[in-house]
Structures are given as structure tokens and as C-alpha cells.
Amino acid sequence: MISKNLQKELIVQLNKEFHSAYIYLGMSAYCSKEGFNGAASWFLIQYQEEVAHGMKMFKYLEDQGAEITLPDIKSVKVEYKSLLDVFRKSLAHEQFMTKNLNNLSDIAMKEKDHATYNLLQWYVTEQVEEEATVGEIIDHIKLVGDNGYGLYTIDKELASRNFVDPTQE
Ligand code: FEO
């Protein structure tokens, strides 16, 4: 049985996962407005992934018989400085999420809640992949700098991403 304390902490994280989805929706809107349709589509898939992360936590809380509450989701910005800026902000956000998940894992470990700890390890592993993917895109954008054709090529590559539900892999 999950403790009241962990229930509360997981609901905070659940909210952060849906807030992440919202952040990526804002990033998609920015990219679309700037004509980076591939990046816009990439961020829409990122949005779907975050919804899947949120739903996995929601289902876990339900399975644990937790008392679910759904607090407000904070508003997000839709303005960024450049394609590089938007991906940099995305990486910073994922690093923030990793920190939260590590803290949560510490709490689950302290409470000897193995089931919740296992759940959180799934998220921690997912974060490694997310940070690496965004880091690689940032490197590519940095390589081409302001070169329009280079940015166009990167945008085309980003368009090829398909959604694969990470919770079903
Ligand atoms: Fe669900 Fe990208 O953190």
C-alpha cells in the first residue's frame, strides 16, 4: 500500500508530466509559427509521450487505490528566440524532470516502497533516452548555425519521427 506522502508526491509528478505535455504543445506552436513544420511535428509527438507518461502514473495511482486529485496545470509560453533556443529549453526541462524523478526515487527507497521505486525507475530510464535525443538535436543545430539550408535539412529529419507509445515498448 502506497503511503499518503508518496501519493501526494506522485500526484505532483503526475501534474508535472501533463505540464510537460503542455510545454511541448507550446513549443510545437512556436515551431509551426516559424515555419519549422518538422520540429512542430516532433514536439507534438513529444507532447503525446508526456501524456503517456502522465497516464502511466495515473493508472498506477488508481491501481494503488490512491485518492486522486487533479490540480491546475500551469500556463506555458509559446514564444522562443530560435530553433536552438526551443531545443535548449526542452533539454533544461528534461533535466529538471530527471531531478524530480531522482528525488522521488529517493523517497520511495527511504519508505521501502519497492513497487513505487520500480515504477520510478521506468521513468528514470526513460529520461536518459529523452535527454540524449534532445542533446543530439542541439548538437546538430549548433553545427549548422544560421545556415538556412542546414536548418531546413534538420527540420526535414525531425519530420520523420513517428509516435511510439513509450509505455507499450
Ligand atoms: Fe515525462 Fe519528458 O518527462
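Phe43 touches Tyr24, Met27, Ser28, Cys31, Val86, Phe87 and Ser90, leaving aside residues up to four places away in sequence. This residue of a predicted model is a convenient point from which to describe the fold, the cores and the ring contacts.

**Phe43 and its surroundings**

Phe43 counts as buried because its relative accessibility is 0%, and the cut-off for a buried residue is under 20%. Phe43 also belongs to the largest nonpolar core, which has 23 residues. Those with the most contacts inside this core are Cys31, Phe43, Leu83, Val86, Phe87 and Ile141. At least two residues of the core come from each of H1, H2, H3, helix H4 (114-144) and helix H5 (148-158). A second core, separate from this one, has 16 residues, among them Ile2, Leu6, Ala66 and Val124. As a general background, nonpolar side chains in soluble globular proteins tend to be buried together.

Ser28, one of the residues that Phe43 touches, lies in helix H1. With 6% relative accessibility, Ser28 counts as buried. The C-alpha atoms of Ser28 and Phe43 are separated by 5.1 Å, although the two residues are 15 residues apart along the chain. Apart from neighbours within four places in sequence, Ser28 is in contact with Ala40, Phe43 and Leu44.

**Overall architecture**

The protein has 5 helices and 0 strands. Read from the N terminus, its elements follow the order α-α-α-α-α. The C-alpha atoms fill a box of roughly 55 × 25 × 25 Å along the principal axes. For 169 residues, a compact globule would have a radius of gyration near 15 Å, and the 17 Å of the protein agrees with this.

Of the 169 residues, 44% are buried. Among contacts with a separation of 6 or more, 81% are made by residues 24 or more positions apart. The accessible surface comes to about 9,200 Å², and carbon and sulfur atoms account for 54% of that surface.

**Aromatic pairs and charges over rings**

The structure holds 7 aromatic pairs. One of them is formed by Tyr24 and Phe43, which are stacked, with 5.9 Å from centre to centre and 15° between the planes. This pair links distant parts of the chain: Tyr24 is in helix H1 (residues 4-33) and Phe43 is in helix H2 (residues 37-63), 19 residues apart. Tyr24, like Phe43, is buried, since Tyr24 has 0% relative accessibility.

Tyr30 and Tyr80 form an edge-to-face pair, because their ring centres are 5.6 Å apart and their planes are at 70°, while planes over 60 degrees apart count as edge-to-face. This pair also links distant parts of the chain, with Tyr30 in helix H1 and Tyr80 in the loop between H2 and helix H3 (83-110), 50 residues apart. Both Tyr30 and Tyr80 are buried.

Ring pairs also join Tyr24, Trp42, Phe43 and Phe87 into a cluster. Two tryptophan rings, one of them in this cluster, have a charged side chain over them, as the table shows.

| Charged residue | Ring | Distance to ring centre |
|---|---|---|
| Lys56 | Trp122 | 4.5 Å |
| Arg161 | Trp42 | 4.4 Å |

**Two further residues**

Ile23 is placed in helix H1. Its relative accessible area is 12%, so Ile23 is buried. Outside the residues up to four places away in sequence, Ile23 touches Val76, Tyr80 and His93. Tyr80 is thus a partner of Ile23 as well as of Tyr30 in the edge-to-face pair. The C-alpha atoms of Ile23 and Thr125 are separated by 21 Å, and these two residues are 102 residues apart along the chain.

Lys112 is found in the loop between H3 and H4. With a relative accessible area of 67%, Lys112 is exposed, whereas Ile23 is buried. The phi of Lys112 is near 55°, a positive value in a residue other than glycine. In general, most residues other than glycine have a negative phi.

Methods:
Residues are numbered from 1 along each chain as its sequence is written. This is a predicted model: local features need pLDDT of at least 70, side-chain atom pairs count only at pLDDT 80 or more; totals for chains, interfaces and linings use all residues. Side-chain values use heavy atoms; hydrogens and water are left out. Rings of Phe, Tyr and Trp (its six-membered ring) pair if their centres lie within 6.5 Å; planes under 30 degrees apart count as stacked, over 60 as edge-to-face and the rest as tilted. Helices (H or I, at least four residues) and strands (E, at least two) are DSSP runs, numbered from the N terminus. Buried means under 20% relative accessible area, exposed over 50%, partly exposed in between (1.4 Å probe, protein chains only). A charge sits over a ring if NZ of Lys or CZ of Arg is within 6 Å of the ring centre and within 35 degrees of the ring normal. The radius of gyration is taken over C-alpha atoms; the globule rule is 2.2 Å times the number of residues to the power 0.38. Contact means heavy atoms within 4.5 Å. Accessible areas come from the Shrake-Rupley method with a 1.4 Å probe; for residues, only the protein chains shown count as cover. A nonpolar core is a set of buried Ala, Val, Leu, Ile, Met, Phe, Trp, Tyr and Cys residues joined through side-chain atoms within 4.5 Å.
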